[in-house]
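Let's take a walk through this fold, one piece at a time. Keep the structure open beside you as you read.

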Amino acid sequence: MSANPIPPLHLYSVRREPQTTPEAPPVRERPRTAWTADQLMAAEFPEPKWAVPGILAEGVSLLAGPPKVGKSWLSLGLGLSVAAGGKAFDSVPVKGGPVLYLALEDTPRRLQTRMGKLLGGEKAPADLTLVTECPPFPQGGSEAIAGWLDRNPDARMVVIDVFAKMRGQSPQGVSAYDADYVAVGYAKRIADHYGIAVVLVHHVRKMASEDFLTEVSGTNGIAGAADATLVLKRARGQADGILHVTGRDVNEAEYALAFQEASGAWHLLDGPASDHTVGDTRAAILRYVRSNPGAKPKDIAEALPQADADTVRRTCSRMAADGQLTKDGSGRYYPDTETRTQGTQDMSQVSDCPVGPADLRELPGQQKWELSQVSDSGERSNQ
């Protein structure tokens, strides 16, 4: 038997430089879990760290969607953006740092092809580690991910595509809800211990629902155990998809996205999602009324040469009936919801989340951490 056997595939990665004596990983203190009421109120806690400000915070985030909607393109694009310290969705500045991407349904060739399209000739970031095999959480997967995080203390995000490959067998004698809660709990413990964003790519049910949370495949235990849920759905109108977001540290919101076939990238569209899920005429009317509250159909028609006065009048009436506009007694129209009165948001502040210096992009020339094995847990598991 060879003295240096080839390690299992899920632990293997190519080193770019000769191995030196590894540094001891930083000692992480056990998070405090109990206080008296006065102690808790007097305590000071840091703001949540954001992998993608306003969208992906530290903790476990479910990214769910129907098959072939583009979840893998979206998650790989986010991994590249965060690892490079660029702009997520081509709009949101992110701080750079190591990212672990478990592409458990892909081959190296397919990943290379996808990254080639997404990068568009740009240099691939060395801080993105891609792995195509990993044992489920209960069979060593947790230790594998933890080992990588120990050697990459500045890591920003872990993406698991797909969650079903990592959850393992359900414990015997427990309900389906409890089994789903336990499965997400493995990722939750990692995210909380390391203060990092863990994204679980998942599926939705075949039957649609008005509440996007109920579309997540499985029981409510999956969404209940996660800190945030993101559901990517196909859209009508100008947008190719709508990203529905809600969570404990994330404001509930909807974002309209466009998929660029040539590059494989998802781009964030300006303005509220409602502008991009309706026809062109309704979208134009919404934008005008938002900028000119109290406008009459005649005013709108004069500003929209592509639509005649009768069409504008009928469309405004239908939009009021559909709840997209509000009409007063004098025939003037106003935006109907608070969301539509806010106008276009600054893309560097996708939501009202606090964004501190730790979440901003580092200056060029920032230190790059060497790629390492995903874990050294293989030796421990064989003991």
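**Helices, sheet and cores**

Start with a pair of helices: the axes of H2 (residues 71-84) and H3 (residues 108-119) come within 11 Å and cross at roughly 65°. That crossing is right-handed. To find the place where they meet, look on the H2 side for Ser-72, Trp-73, Leu-76, Gly-77 and Leu-80, and on the H3 side for Arg-114, Met-115, Lys-117, Leu-118 and Leu-119. Sorted by class, this contact has six nonpolar, two polar and two charged residues. Bear in mind that what you're looking at is a predicted model.

Now zoom out for a moment. The chain has 383 residues, and 46% of them are buried. DSSP splits the chain into eleven helices and 15 strands. If you take the contacts with a separation of 6 or more, 68% of them are between residues 24 or more positions apart.

Next, the sheet. It is an open one of nine strands, with mixed pairing, and you can trace it in the order S7-S6-S8-S9-S3-S10-S11-S12-S13. At its edges sit S7 (128-131) and S13 (265-268), each pairing on one side only. Going from one strand to the next, the twist averages 20°.

Where should you look inside the sheet? Try S3 (residues 59-65): seven of its seven residues are buried, so the strand is largely enclosed by the rest of the structure. It pairs with S9 in the parallel sense over seven bridges, and you'll find Gly-59 opposite Ala-197 in S9. S3 also pairs with S10 (residues 228-234), again in the parallel sense, over four bridges. There, Ser-61 has Ala-228 of S10 as its bridge partner.

Go back to S9 (residues 197-203) and you'll see that S8 (residues 157-161) runs parallel to it, joined by four bridges. Here Ala-197 turns up again, as the bridge partner of Met-157. H3, which you met at the start, packs on this sheet too: it touches S6 (99-103), S7 and S13, and its direction makes about 150° with that of S7.

Another helix to pick out is H4 (residues 141-151), which lies across S6, S7 and S8 and runs at about 155° to S6. How many of the eleven residues of H4 are buried? Eight of them are, so this helix is largely enclosed by the rest of the structure. If you want to click through them, they are Gly-141, Ser-142, Ala-144, Ile-145, Ala-146, Gly-147, Trp-148 and Leu-149.

That leaves the nonpolar cores. The largest one has 45 residues, and those with the most contacts inside it are Val-52, Leu-56, Phe-89, Met-157 and Leu-243. H2 gives the most to this core, with seven residues. Apart from it lies another core, of 35 residues, including Leu-104, Phe-137, Trp-148 and Val-184. So you've now seen two of these names before: Met-157 is the bridge partner of Ala-197, and Trp-148 is one of the buried residues of H4.

For a last stop, select Leu-243 and look around. Leaving out residues up to four places away in sequence, Leu-243 touches Ile-55, Leu-63, Phe-89, Leu-230, Val-231, Leu-232, Ala-253, Glu-254, Tyr-255 and Leu-257. One of these neighbours, Phe-89, is itself among the residues with the most contacts inside the largest core.

Key: Residues are numbered from 1 along each chain as its sequence is written. This is a predicted model: local features need pLDDT of at least 70, side-chain atom pairs count only at pLDDT 80 or more; totals for chains, interfaces and linings use all residues. Side-chain values use heavy atoms; hydrogens and water are left out. Axes are lines fitted to C-alpha atoms, for helices over the stretch in contact, and angles run from 0 to 180 degrees between N-to-C directions. Helices (H or I, at least four residues) and strands (E, at least two) are DSSP runs, numbered from the N terminus. A crossing is left-handed if the near helix is turned anticlockwise from the far one by less than a right angle, and right-handed if clockwise. Contact means heavy atoms within 4.5 Å. Ala, Val, Leu, Ile, Met, Phe, Trp, Tyr, Cys and Pro count as nonpolar, Asp, Glu, Lys and Arg as charged, and the others, Gly among them, as polar. A nonpolar core is a set of buried Ala, Val, Leu, Ile, Met, Phe, Trp, Tyr and Cys residues joined through side-chain atoms within 4.5 Å. Buried means under 20% relative accessible area, exposed over 50%, partly exposed in between (1.4 Å probe, protein chains only). Two strands pair if DSSP finds at least two bridges between them.
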